Amino acid sequence: QVQLVESGGGLVQPGGSLRLSCAASGSFFIINAMGWYRQAPGKQRELVATITRGGSINYADSVKGRFTISRDNAKNTVYLQMNSLKPDDTAVYYCNADLAYPGSSFNRYWGQGTQVTVSS
């Protein structure tokens, strides 16, 4: 059974920083892309950033230059360093991972979400 466990959310003042982590555990074969999405109250879930196993990265325009996604393949973990945070960044942040068991195709799994609140 696959689990994605997020950590690092919390309350921060505008201009501050937070670092989110998401670790995948379970008996799976390989992880391909990993990423972060977020959902603010009353809004749809939106892409924040993704990173492939080989290190190709994609960011939403709204976070370019402020957020940095990275991963540690040996630890099956993806990180999101968030700097210069704004109130508009307030949301529940979800990580995901595309992974496969031996002999199967890739499927997308999601974490439970972690709250990020940017407020003075």
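**Figure 1. Strand β11 and its neighbours.** In strand β11, the residue that bridges to Ala91 is Val116. This close-up, like those that follow, comes from a predicted model. Strands β9 and β11 run antiparallel and are joined by 3 bridges. Strand β2, which spans residues 10-12, also pairs with β11, this time in the parallel sense and again over 3 bridges. Here Leu11 has Thr117 of β11 as its bridge partner. Follow the side chains along β11 (residues 114-118) and you will see them alternate. Thr114, Val116 and Val118 point to one face and are buried, while Gln115 and Thr117 point to the other face and are not buried.

**Figure 2. An aromatic pair between Tyr37 and Trp110.** Searching the whole structure turns up 1 aromatic pair. Its members are Tyr37 and Trp110, set edge-to-face with 5.2 Å from centre to centre and 70 degrees between the planes. Tyr37 belongs to strand β4 (residues 30-39) and Trp110 to strand β10 (residues 107-110), so the pair ties together parts that lie 73 residues apart in sequence. Are the two rings' residues buried or partly exposed? Tyr37 counts as buried, because its relative accessibility is 17% and the cut-off for buried is under 20%. Trp110, at 35% relative accessibility, counts as partly exposed.

**Figure 3. Arg45 over two rings.** Look next at Arg45, whose charged end sits over the ring of Tyr94, 3.8 Å from the ring centre. The charged end of Arg45 also sits over the ring of Trp110, at 4.7 Å from its centre. Trp110 is the residue that forms the edge-to-face pair with Tyr37 in the previous view.

**Figure 4. The surroundings of Asn96.** Asn96 is placed in strand β9, which covers residues 91-100. With a relative accessible area of 2%, Asn96 is buried. Which residues does Asn96 touch, leaving aside those up to four places away in sequence? The contacts are Leu4, Ala33, Met34, Gly35, Tyr37, Arg108, Tyr109 and Trp110. Among them are Tyr37 and Trp110, the two partners of the aromatic pair.

**Figure 5. A network of salt bridges.** The structure holds 5 salt bridges, and this view brings together Arg38, Glu46, Arg66 and Asp89, which are linked in a network of them. Glu46 and Arg38 form one salt bridge, with their closest N and O atoms 2.7 Å apart. Glu46 is partly exposed at 36% relative accessibility, whereas Arg38 is buried at 6%. Another salt bridge joins Asp89 to Arg66, where the closest N and O atoms are 2.7 Å apart. Asp89 lies in the loop between β8 (77-82) and β9, and Arg66 in the loop between β6 (57-59) and β7 (67-72), so this pair ties together parts 23 residues apart in sequence. Both Asp89 and Arg66 are buried.

**Figure 6. A salt bridge from β9 to β10.** The side chains of Asp98 and Arg108 meet in a salt bridge, 2.7 Å from N to O. Asp98 is in strand β9 and Arg108 in strand β10, 10 residues apart, and the pair links distant parts of the chain. Asp98 is buried, with a relative accessible area of 15%. Arg108 counts as partly exposed at 43% relative accessibility. You have met Arg108 already, as one of the residues that Asn96 touches.

Definitions and conventions: Residues numbered from 1 in each chain as written. Predicted model: local features only at pLDDT ≥ 70, side-chain atom pairs only at ≥ 80, totals over all residues. Heavy atoms only, no water. Phe/Tyr/Trp six-rings, centres within 6.5 Å; stacked < 30°, edge-to-face > 60°. Helix = DSSP H or I, 4+ residues; strand = E, 2+ residues; numbered from the N terminus. Buried < 20%, exposed > 50% of the residue type's maximum accessible area, 1.4 Å probe, protein only. Lys NZ or Arg CZ within 6 Å of the ring centre and 35° of its normal. Contact = heavy atoms within 4.5 Å. Salt bridge = Lys/Arg side-chain N within 4 Å of Asp/Glu carboxyl O. Pairing = 2+ DSSP bridges.
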